[in-house]
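Let's take a friendly walk through a protein model together. Keep the picture open beside you as you read.

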Amino acid sequence: MLDYRLSDETEALRTTVREFAREVIAPQIGEFYERDEFPVHIVRQMGELGLFGLPLPEEYGGGGGTYFDLCVVLEELARVDSSMAITVEAGVSLGAMPIYRFGTEEQKQQWLPRLCTGEVLGAFGLTEAGGGSDAGSTRTTARLEDGSWVINGSKAFITNSGTELTGLVTVTAVTGTRPDGGKEISAILVPSGTPGFTVGQRYSKVGWNASDTRELSFDDCRVPEENLVGERGRGYAQFLSILDEGRIAISALSVGLAQGCVDESVKYAREREAFGQPIGRNQAIQFMIADMEVRAATARLAYYRAAEKMLRGEPFQREASIAKLYSSEVAMDNARYATQVHGGYGFMNEFPVGRFYRDAKILEIGEGTSEVQRMLIARDLGVG
Ligand SMILES: Cc1cc2nc3c(=O)[nH]c(=O)nc-3n(C[C@H](O)[C@H](O)[C@H](O)COP(=O)(O)OP(=O)(O)OC[C@H]3O[C@@H](n4cnc5c(N)ncnc54)[C@H](O)[C@@H]3O)c2cc1C
């Protein structure tokens, strides 16, 4: 059966989030973006809407929905603004999911209810300054001493890690040597405010300016032995599986940005006049917009397909990489053409397409660069 119609519940959720994005986020996000400021009150409102707990079970305070519901929500948010979309994506997919998928019952009870309401934001610390694509090259260490993990090292580019809502970061650290001589990497939960854990200043970024991204450092930072998330030595593998899911979410976010480019271009092409008529009367403009719509529509199918396989419990890694790779490149292309349709105004901050243009590039980099996706797809095809 091939049926990509949304259920009534998912359609209702999409409508609610679409209205919220247009009525609450759109009118004010530009100011926060220009000031490089994280809008806590909008994030709290998204929490009240239940967006941070969507795919988690009700017993932990979640919405009892699916990962696909989360993707549909991210698409609607990113259609208006990517900073708020990535705040939700990182909060759910990277902050809560590692605890839900791999944590102990005690960790779930302690953290998930507050993560689901958005009262607390979680972060995911894998990348280090020395390497993101080569995530197994972790240098941060954690040694067991008197019932505590003593963590030393640093993490780079960590989303949601220093907001006033942030409550924890789950980090990867080298906890020993494997029998084959390789690094034993484990995941450890570090609550905000733990002595020895320092959160750096927000980076000055090209895009996603209303989202929070920081460097973290650990200097003899001690957390209880029970803060190990999942099995000792499985931290790297766990994080890779979290990234597989996250790629579908980033694909949905990319489709949202690509569709937002179509929305804004259609509106502008109807209103803006040149040579005595709306610019949309020119085939050159019509074709740019038609091609944008084709790209957004086909990229959506790619993430629907990956999500469908995931929900069926089938292997979905190749489809997730295809969706992430394709839709992030589509977002980049659409942002370029939408800016072109807007002419000089496309280069001005008063129009959303300028923000879309700046926000699109990171989609080809975060949660696995385009090159990494191509490597994964080729490897899955048995090449290399
Ligand atoms: C705004 C922002 C938010 C982020 N949020 C988080 C977060 O919350 N948590 C987290 O852990 N990380 C986060 N990251 C990190 C992100 O995942 C990494 O930046 C990304 O994985 C790339 O790693 P890198 O920056 O070290 O680039 P590198 O790995 O140094 O890559 C540089 C270039 O080399 C290419 N390359 C590398 N190896 C190969 C190869 N073998 N073959 C071909 N090409 C190759 C890459 O594709 C890229 O083009 C974030 C980054 C940004 C910018």
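Which residue in β8 is the bridge partner of Ala187? The partner is Val229. Please keep in mind that this is a predicted model.

## Strands side by side

Let's begin with strand β5, which covers residues 183-191. This strand and strand β8, made of residues 228-229, run antiparallel and are joined by two bridges. The pair you have just met, Ala187 and Val229, belongs to this pairing. Ala187 also has a bridge partner in Thr172.

Now look at strand β4, residues 166-177. Nine bridges link β4 to β5, and these two strands run antiparallel. One place to spot this is Val174, which stands opposite Ile185 in β5. The two strands form a hairpin, with five residues between them. In its turn you can find Gly181, whose phi is positive at about 95°.

β4 has another neighbour too. Strand β1, residues 121-125, pairs with β4 in the parallel sense, over five bridges. Here Gly125 is found opposite Val171 of β4.

## How enclosed are these strands?

A residue is called buried when its relative accessible area is under 20%. In β4, ten of the twelve residues are buried, so the rest of the structure largely encloses this strand. β5 is also largely enclosed by the rest of the structure, because seven of its nine residues are buried.

## Helix α3 and its two partners

Next, turn to helix α3, residues 67-78. One partner is helix α7, residues 283-312, and the axes of α3 and α7 are 9 Å apart, at an angle of about 160°. Angles over 145 degrees count as roughly antiparallel, and α3 and α7 are therefore roughly antiparallel to each other. Their crossing is right-handed. On the α3 side, the contact is made by Tyr67, Phe68, Cys71, Val72 and Glu75. They meet Arg300, Tyr303, Tyr304, Ala307, Met310 and Leu311 of α7. Sorted by class, this contact has nine nonpolar residues, two charged ones and no polar ones.

The other partner to visit is helix α1, residues 8-34. The axes of α1 and α3 come within 9 Å and cross at roughly 30°. Since angles under 35 degrees count as roughly parallel, α1 and α3 are therefore roughly parallel to each other. This crossing, too, is right-handed. From α1, the residues Thr10, Leu13, Arg14, Val17, Arg18, Ala21 and Ile25 take part. They meet Phe68, Asp69, Val72, Val73, Glu75, Glu76 and Leu77 in α3. By class, the contact of α1 with α3 has eight nonpolar, one polar and five charged residues.

A helpful piece of background: an α-helix has 3.6 residues a turn, so residues three or four places apart point the same way.

## Two more spots to find

Which residues of helix α9 (residues 352-360) are buried? They are Val353, Gly354, Arg355, Phe356, Asp359 and Ala360. Their cover includes α1, α3, α4 (82-102), α6 (235-271) and α8 (317-341).

Finally, look for Ser321, which lies in helix α8. Is Ser321 buried or exposed? Its relative accessible area is 2%, so Ser321 is buried. Leaving aside residues up to four places away in sequence, Ser321 touches Arg247, Gln373, Leu376 and Ile377.

Definitions and conventions:
Residues are numbered from 1 along each chain as its sequence is written. This is a predicted model: local features need pLDDT of at least 70, side-chain atom pairs count only at pLDDT 80 or more; totals for chains, interfaces and linings use all residues. Side-chain values use heavy atoms; hydrogens and water are left out. Buried means under 20% relative accessible area, exposed over 50%, partly exposed in between (1.4 Å probe, protein chains only). Helices (H or I, at least four residues) and strands (E, at least two) are DSSP runs, numbered from the N terminus. Two strands pair if DSSP finds at least two bridges between them. Axes are lines fitted to C-alpha atoms, for helices over the stretch in contact, and angles run from 0 to 180 degrees between N-to-C directions. Angles under 35 degrees count as roughly parallel, over 145 as roughly antiparallel, 65 to 115 as roughly perpendicular and the rest as oblique. A crossing is left-handed if the near helix is turned anticlockwise from the far one by less than a right angle, and right-handed if clockwise. Contact means heavy atoms within 4.5 Å. Ala, Val, Leu, Ile, Met, Phe, Trp, Tyr, Cys and Pro count as nonpolar, Asp, Glu, Lys and Arg as charged, and the others, Gly among them, as polar.
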